[in-house]
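Subject: Handover of a structure and the findings from it

Dear colleague,

Please find below the structure that I am handing over to you. I would ask you to keep it open while you read the notes that follow.

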Amino acid sequence: MARSCKSKVCNPALWPSGSTEGVSPEIIEECKELVMTNDHLQTYMQLFRENINRGLGKATNPNAIVKCFPTYVQDLPDGTEKGKFLALDLGGSNIRVLMVDLGDPDPVHTKVYTIPKDIMQGTGEQLFDFIADCLVTFIKSQGLAEAPLPLGFTFSFPLVQKGLKVGILERWTKDFTCSGVIGNNVVEMLQTALQKHGDIKVDVSAVLNDTTGTLVAAAFKNPLARIGLIVGTGTNGCYVEKQENAELFNEPDLGSGKVIINLEWGAFGDDGALDFVRVSYDEDVDANSVNPGKQKHEKMISGMYMGELVRLALEKFTKAGLMFEGLGSDALYTRHTLESSAVSDIERDRMGDYSKVKKICDSLGLTHATLQDHTNVRYVASCITRRAAHLVSAGLVVLMERVGEKQIAVGIDGTVYKFHPHFHNLMVEKIKELVGDTYDFELLLVEDGSGIGAALVAAVTAKKR
Ligand code: BGC
């Protein structure tokens, strides 16, 4: 397949991540609470193990925080799948529609549609009408209206699955709040919206989470893939579990004895379990989000919140007179003015160069920032990023233990992992430190994994039929 599934390499010419060289001692001191020690991570891992056990257990699941939803995907692709499939990928602020031809050297045709904010926070009917319109426009543009193709639907929110084609929305996350969807089968809602386009027939053959899509897409390329991870707008993980351990999974074993578990790890800590590492910025971000009290782990890690965490820290340090000579700006003191993409950019300057960090300070109206301020800003951003990368790494180690295979590959997608210049390296280093020689792991970037994986699940399902 032309789309890649590869190891990321980071550029050694950049400023090293987390270096304290030249950073003001007061800023280093203030940021200490953001540093995850290995003791913190060991405690986190133990809590995560316990949370997973509670999620998997039939008796404990109703009160579990990490829900561990069985996905009904029992088989990974083996790389021999062929045929044309459609995929619909809804997860962040975009909808992507893909036509994937698994036998073709140029297999993926994609169109991306931006979801307007009023649709994300409107009614479910409006959302599904919008999705159906995008899908139908794509199908017509590809000349596929006559012969319906099987469609894999990636719906990246917590879904209680009752089958491969039945996914009941448990709750919204990220920036979505559409009314009338929670408690309903999203496949049925999509089909109802599609019926308004009487001339188009679509055969939805599976609904899945983006983590599952990413794992499945990784497995198509690498037979060692057992874990899927997203670090993008939101964060989540999935892994291959033995059916006997997935007590809520009541389906006949189709032969593998395994099932993919969608952890929904974004919710980890919603009962206060992570308060030992959460700080005032985390509380602020949470209290001012569309879902206060929910997705506390996600809010420490994912792209939707990273920029705001950095901004809050800079605001605090400026007001304390530790940065910018105590002189802030309207933009610095206004919520959500710092995008997470800027957090990646801040760390993209080469050693000795300050141009990107300066540009970001300028864009916040901090044109009076000195070289010392630029050094401090880079350090603050790196502390937030490192914390996220270290938490995700510790989470992956727990999943490696659960899978229990010495050689293992992790399929990863999402803007933070993909675009942050140090995220991959930080993860590799931390995982190595935590596992020693126990696991021989590889972290693979799976571009478009959630969409391609949906097509692959549709393909594997078609093969089984
Ligand atoms: C959702 C997950 C999803 C993750 C990454 C979270 O907010 O709850 O279902 O996998 O974001 O997109």
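How far does a polar side-chain atom of Glu264 lie from an oxygen atom of the ligand? The distance is 2.5 Å. Please bear in mind from the start that the model is predicted.

**The ligand and its surroundings**

Glu264 belongs to a shell of 14 residues around the ligand, and the closest of these are Thr173, Asn209, Asp210, Glu264 and Glu298. Two further side chains may be described in the manner of Glu264. In Asn209, an N or O atom of the side chain is 2.8 Å from an oxygen atom of the ligand. In Glu298, a polar side-chain atom lies 2.7 Å from an oxygen atom of the ligand. The ligand taken alone exposes 310 Å², and the protein buries 99% of that area. As for the character of the shell, its residues divide into 3 nonpolar, 7 polar and 4 charged.

**The loop between α7 and α8**

Three residues of this loop deserve your attention: Val290, Lys294 and Gln295. The loop runs between α7, residues 280-287, and α8, residues 296-301.

Val290 is placed in this loop. Its relative accessible area is 42%, so Val290 is classed as partly exposed. Which residues does Val290 contact, once its neighbours within four places in sequence are left aside? They are Gln121, Lys174, Asp175 and Thr177. Another residue to locate is Trp172, which is 118 residues from Val290 along the chain, while the C-alpha atoms of the two are separated by 9.7 Å.

Lys294 is found in the loop as well. With a relative accessible area of 41%, Lys294 is partly exposed. Leaving aside neighbours within four places in sequence, Lys294 is in contact with Asp270, Asp286 and Lys299. Ile200 offers a useful reference point: Lys294 and Ile200 are 94 residues apart in sequence, and their C-alpha atoms are 38 Å apart in space.

Gln295 also sits in the loop between α7 and α8. Is Gln295 buried or exposed? At 1% relative accessibility, Gln295 counts as buried. The backbone of Gln295 is worth inspecting, for its phi is near 60°, a positive value in a residue other than glycine.

**A second residue with positive phi**

Glu325 is not a glycine, yet it has a positive phi of about 50°. Glu325 lies in the loop between α9 and α10, the latter being residues 340-346. Its relative accessibility is 75%, so Glu325 counts as exposed.

**Residues in helices**

Glu315 has its place in helix α9, which covers residues 303-319. Why is Glu315 classed as buried? Its relative accessible area is 13%, and the class takes in values under 20%. The side chains of Glu315 and Lys319 are joined by a polar contact of 2.7 Å. Not counting residues up to four places away in sequence, Glu315 touches Leu332 and Tyr333.

Lys418 lies in helix α13, residues 415-419. With a relative accessible area of 25%, Lys418 is partly exposed. Its contacts, apart from neighbours within four places in sequence, are Lys8, Asp413, Leu445 and Glu447. One of these partners, Leu445, is 27 residues from Lys418 in sequence and 7.1 Å from it in space, C-alpha to C-alpha.

**Cysteines**

How many disulfides does the structure hold? The number is 0. Two cysteines, Cys31 and Cys238, serve to illustrate the reasoning. A disulfide requires two cysteine sulfur atoms within 2.5 Å. For Cys31, the closest cysteine sulfur belongs to Cys383 and is 4.3 Å away, which is too far for a bond. For Cys238, the closest cysteine sulfur is that of Cys68, at 12 Å, and this too is too far for a bond. Cys31 is buried, with a relative accessible area of 0%. Cys238 likewise counts as buried, at 0% relative accessibility.

I suggest that you begin by finding the ligand in the viewer and then take the other sections in turn.

Yours faithfully,
A colleague

Terms used: Residues numbered from 1 in each chain as written. Predicted model: local features only at pLDDT ≥ 70, side-chain atom pairs only at ≥ 80, totals over all residues. Heavy atoms only, no water. Buried < 20%, exposed > 50% of the residue type's maximum accessible area, 1.4 Å probe, protein only. Helix = DSSP H or I, 4+ residues; strand = E, 2+ residues; numbered from the N terminus. Polar contact = N/O pair within 3.5 Å; in protein donor to acceptor, adjacent residues only side chain to side chain. Contact = heavy atoms within 4.5 Å. Near = heavy atom within 4 Å. Areas by Shrake-Rupley, 256 points an atom, 1.4 Å probe, with all protein chains shown as cover. Nonpolar A, V, L, I, M, F, W, Y, C, P; charged D, E, K, R; others polar.
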